[in-house]
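The following paragraphs walk through a protein chain, beginning with its division into domains and ending with the surroundings of a helix. Please keep the sequence and the structure at hand while reading.

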Amino acid sequence: MCGIVAYVGDRTAYPILIKGLQRLEYRGYDSAGIALFNSGIHVYKCKGKVKDLQALARDEDVGGSVGMGHTRWATHGEPSDANAHPHRSMHGTFHVVHNGIIENYVHLKKELMNRGYVFYTDTDTEVLANLIEDVYREQEVDAELATRLALTRVVGAYGLVILCEEEPGRLIAARKGSPLVIGIGEHEYFLASDAMPIIEYTDRVVYMNDEEVAVITSESLDLKDLYNDVKTPDIKTIQLHIDSIDKGNYAHFMLKEIHEQAHSVTDTFRGRIAMDESKIFLGGILDVMPRLIEARRIIIVACGTSWHAALVGEYLFEEYARLPVEVEYASEFRYRNPIVDKDDLVIAISQSGETADTLAAIRLVKESGATILGICNVAGSSISRETDAGVYTHAGIEIGVASTKAFTSQITVLAMMAFLLGNKRQALSVEEYRVLIRELTRVPALIAEILAGEEKIREIAALYKEVTNALFLGRGILFPVALEGALKLKEISYIHAEGYPAAEMKHGPIALIDETMPVFVLATSDKLYEKVVSNIQEVKTRKGKVIAVATRGNTDIYKLADHVIEIPPCHEALSPLLAILPWQLLAYHVAVMRGCNVDQPRNLAKSVTVE
Ligand code: G6P
């Protein structure tokens, strides 16, 4: 949510910043801007995308080897040229780019207005620029100290980069709640919201911690906390490759990521399953295994698609490890007074590892003594660092805002954890454990088979692309897949869609069904199949259109449904990994046919670092 990139070194900053912003555009894309130190600070910013910013700066002198850029996801103040970052303090001493929300900005703004400050934007960030400037002028301190002093007065979240007109050649950065990564090169440093803009230049990074302030020149990196305690940068090596952030021959990242799933699921279990398929090894949770075996309850916290994966996890842990599970929206959980104790296992699921609510949820339970695990995709992310242990999903970088391959990899990790715990807790026999492992290793080939049938799904998409409402139904372990199918369609095509447990349809949604309403039903051959068939009959009786995902070989379903998408038979535990694929492709093709921006749907951002 909002992307920040900055550079100091001996190269020209502008192309590095522009490329960095393009790589970060998935975090927000309603306005973009840069500030360059080039005999004084020059700012170029506008409403729109990075390409609009490039057009704006085309004929300008964009020299200088120190600068910062920002791509915005609006919180305070509508998208406009004025509200785009960087923001300038009233006297022009400071320029600031910011990711996060300053919660007490109204109070600070009033105070600054009483002191003669005039505001030109609706943003909370301008307040920050003026607050730092006010401290700088009043207390006659340097920019670093002014920043630290000002930030002690701030309530809220920030990832910040600051340029001070009177201190050329240096960047000041600060973090609380919103991520910032520093990249270390030869006589140069990079700064960004995540590693994407950095990996082209260096693999050596430092993840800033909360309440840290960095002062960076081309030759030095000084890290302190807000209270002047010097910190030693903890340099990590990252293993991301530049070709993984390329669309290749695909029209969109989302389509590429959908098609990557046979590989990404393999990558998730690679090295974690014994050659003879008799055992699962999850190195990241080995140390806490005794506590997991003894756990009395699992609480899973997550948001968005990760929350849907958590619901699949509930079925898996209860069925195969016989452990009770509660699944919580992190945003709700964090503001309750949840009862959690040392016998609980709390699992945070997050693709980005930075979602503000999920991070806050695990911070809330830290004192409870519960074991806290992370299931994250981004290595080194805040959630992965703040949990006791965890399992990375290894899905590879996901750029499309609508999550696809991260979802299937999250489910793969949850399945492995559930089977492993089932084995250790003796809820599964040795034979059942083996069968489940073997079935998991078959999944990638089945995924590839389904994806090869894309054309039929595209044809169905063409028939329903104009609808205004859609219903997705599923039961049992496929109910969360119905929720996820509805989310995919609504977030990228802007068609109103709802997911329901099929039997609940009678308690409300059935009133919506007429001949214009498509009902997308998961009707695979599992223990609830007959029940789902009854639900399909109820839809057909009311003239609804039924598009069913069914197990290959089931010919009866053709008599009931208007369209059938076949998927290969698989173990019920793993059926979500297959059943979601048709809905991902359907949503993608409907959105493309409706002319929507698939990779950057309106109002959404990939990484939600504000609450
Ligand atoms: C945003 C993204 C979703 C994602 C959700 C949770 O809404 O657009 O794709 O599922 O955040 O993100 P996380 O990184 O915590 O999985």
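How many residue pairs are in polar contact between domain 1 and domain 2? In this predicted model, the count is four residue pairs, with both residues of each pair at pLDDT 80 or more. By class, the side of domain 1 that touches domain 2 consists of seven nonpolar, one polar and three charged residues.

To place this boundary in the chain, one can start from the domain assignment, which gives domain 1 as residues 3–243, domain 2 as residues 248–450 and domain 3 as residues 453–598. The centres of domain 1 and domain 2, taken over C-alpha atoms, are separated by 34 Å, and where these two domains meet, eleven residues of domain 1 are in contact with eleven residues of domain 2. Between them an area of about 900 Å² is buried, 55% of which is given by carbon and sulfur atoms. On the side of domain 1, Y26, M196 and Y207 together supply 43% of the area that this domain buries against domain 2, which is more than any other three residues supply.

The boundary between domain 1 and domain 2 also has a count of one salt bridge. A salt bridge links R363 with D210, and the closest N and O atoms of this pair lie 3.0 Å apart.

Attention can now turn to helix α11, which spans residues 356–365 and is largely enclosed by the rest of the structure, because eight of its ten residues are buried. The buried residues of α11 are A356, D357, T358, L359, A360, A361, I362 and V365. What do these residues pack against? Their partners include three strands, namely β16 (297–302), β18 (344–350) and β19 (371–376), together with the helices α10 (330–333) and α12 (382–386).

A last stop is I258, a residue of helix α6, which covers residues 253–259. Is I258 buried or exposed? With a relative accessible area of 0%, I258 counts as buried, because this value falls under the 20% cut-off for buried residues. When its neighbours within four places in sequence are left aside, I258 is in contact with T404, L451, Q584, L585 and Y588. By contact, then, I258 meets residues far along the numbering, including Q584 and Y588, whereas Y136, which is 122 residues away from I258 in sequence, lies 51 Å from I258 in space, C-alpha to C-alpha.

Conventions: Residues numbered from 1 in each chain as written. Predicted model: local features only at pLDDT ≥ 70, side-chain atom pairs only at ≥ 80, totals over all residues. Heavy atoms only, no water. Domains from an automatic or database assignment. Contact = heavy atoms within 4.5 Å. Buried area = accessible area lost by both parts, 1.4 Å probe. Salt bridge = Lys/Arg side-chain N within 4 Å of Asp/Glu carboxyl O. Polar contact = N/O pair within 3.5 Å; in protein donor to acceptor, adjacent residues only side chain to side chain. Nonpolar A, V, L, I, M, F, W, Y, C, P; charged D, E, K, R; others polar. Helix = DSSP H or I, 4+ residues; strand = E, 2+ residues; numbered from the N terminus. Buried < 20%, exposed > 50% of the residue type's maximum accessible area, 1.4 Å probe, protein only.
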